[in-house]
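Hi,

Here is the structure I promised to pass along. Have a look at it first, and then read on for what turned up when I went through it.

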Amino acid sequence: MKVLYFAWLRSHTGVGEEDVTPPGEVATVDALLDWLAARSADHTAALADRGRIRVAVNQEYAGPEDRVGPDDEIALFPPVTGG
Amino acid sequence: MIRVQREPFDTGAEIAAATEGNPRVGGVCSFLGLVREMNDGTGVSAMTLEHYPGMTEKMLARVETEARERWPLEAVSIVHRYGRMEPTEAIVLVVTASPHRHAAFEACQFLMDWLKTQAPFWKREETTEGSRWVDARRDDDEAAARWLPSEARGSG
């Protein structure tokens, strides 16, 4: 699965995009965030405050219980500030 | 019409293009958002807008569709820039055209309120104290929420 990081999530994790293969039991957005947080100390710090993170699955806003799978594109970003 | 681009745009030309050759239009409303030299009491010398290509266009197209379902619109244009911009430069333009003014005014405001909370853009400011990511504003969420049906309001 492809994971994209935007804005300060990119600067904090140090990556803009990564291909990851979580184990099969990582099947929801929340479980994926837990699993990603364990990848490095930078990931742990970046993902610590879940209230400040928005998630899109295949370019649609998703909630913590929404399903994720191997072919999905997951994006992690702060609340948006355009306009 | 949705466009996401790095280059500056010509506001007058965009407004003219939205209504050209359409005699059903009786009123046009536009909103132009600019880079301001001050934010939260700190001087801003420039800002860089980052976005999520693909999802940005999808979300903007969705708010356009929503506006067209709510109001009788003859034209909708949204032009949003990304990249580095300095104070006085235009960031975003929304144009709505309708047979009557009320629909154009309301739809223009709705589009701005919704795109500010839905479209995946992020601003990073260069200030006198260094650069910083801009935090989302609670009053932007509240402005967007007033367009929801009353039973859905206040739920988050």
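To start with a detail: which residue in E9(B) is the bridge partner of B:Glu126? It's B:Ser131. That pair belongs to the strands E8(B) and E9(B), which run antiparallel and are joined by 4 bridges. E9 of chain B covers residues 130–133, and the two strands make a hairpin with 2 residues between them.

Before going further, keep in mind that this is a predicted model. Its scores are ipTM 0.95 and pTM 0.93. For chain B, the mean pLDDT is 94, with 96% of the residues at 70 or more.

Now the helices of chain B. The axes of H2(B) and H3(B) come within 10 Å of each other and cross at roughly 150°. Angles over 145 degrees count as roughly antiparallel, so that is what H2(B) is relative to H3(B). The crossing of H2(B) past H3(B) is right-handed. On the H2(B) side, the residues involved are B:Met59, B:Leu60, B:Val63 and B:Ala67. They meet B:Ala107, B:Phe110, B:Leu111, B:Trp114, B:Leu115 and B:Gln118 from H3(B). By type, this helix contact has 9 nonpolar residues, 1 polar and no charged.

Those two helices turn up again where the chains meet. There, 21 residues of chain B are in contact with 13 residues of chain A. On the chain B side, at least two residues each come from strand E4 (42–51), helix H2 (55–70), helix H3 (101–118) and strand E8 (121–127). H3(B) gives the largest share, 4 residues. The side of chain B that touches chain A splits into 13 nonpolar, 4 polar and 4 charged residues.

Over in chain A, there's an open sheet of 5 strands, with the order E2-E1-E5-E3-E4 and mixed pairing. Strands E2 (17–19) and E4 (60–62) of chain A are at the edges with a single partner strand each, so one side of each has no neighbour in the sheet. From one strand to the next, the twist averages 25°. Further in, E3 (residues 54–57) and E5 (residues 73–77) of chain A run antiparallel, joined by 4 bridges. If you want a place to look in that pairing, A:Val55 stands opposite A:Leu76 in E5(A).

Shout if you'd like to go over any of this together.

Cheers

Notes:
Residues numbered from 1 in each chain as written. Chains lettered and ligands numbered in written order. Predicted model: local features only at pLDDT ≥ 70, side-chain atom pairs only at ≥ 80, totals over all residues. Contact = placed C-beta atoms within 7 Å. Nonpolar A, V, L, I, M, F, W, Y, C, P; charged D, E, K, R; others polar. pLDDT = per-residue confidence, 0-100. Pairing = 2+ DSSP bridges. Axes fitted to C-alpha atoms, helices over the stretch in contact; angles between N-to-C directions. Parallel < 35°, antiparallel > 145°, perpendicular 65-115°, else oblique. Left-handed = near helix turned anticlockwise from the far one by under 90°.
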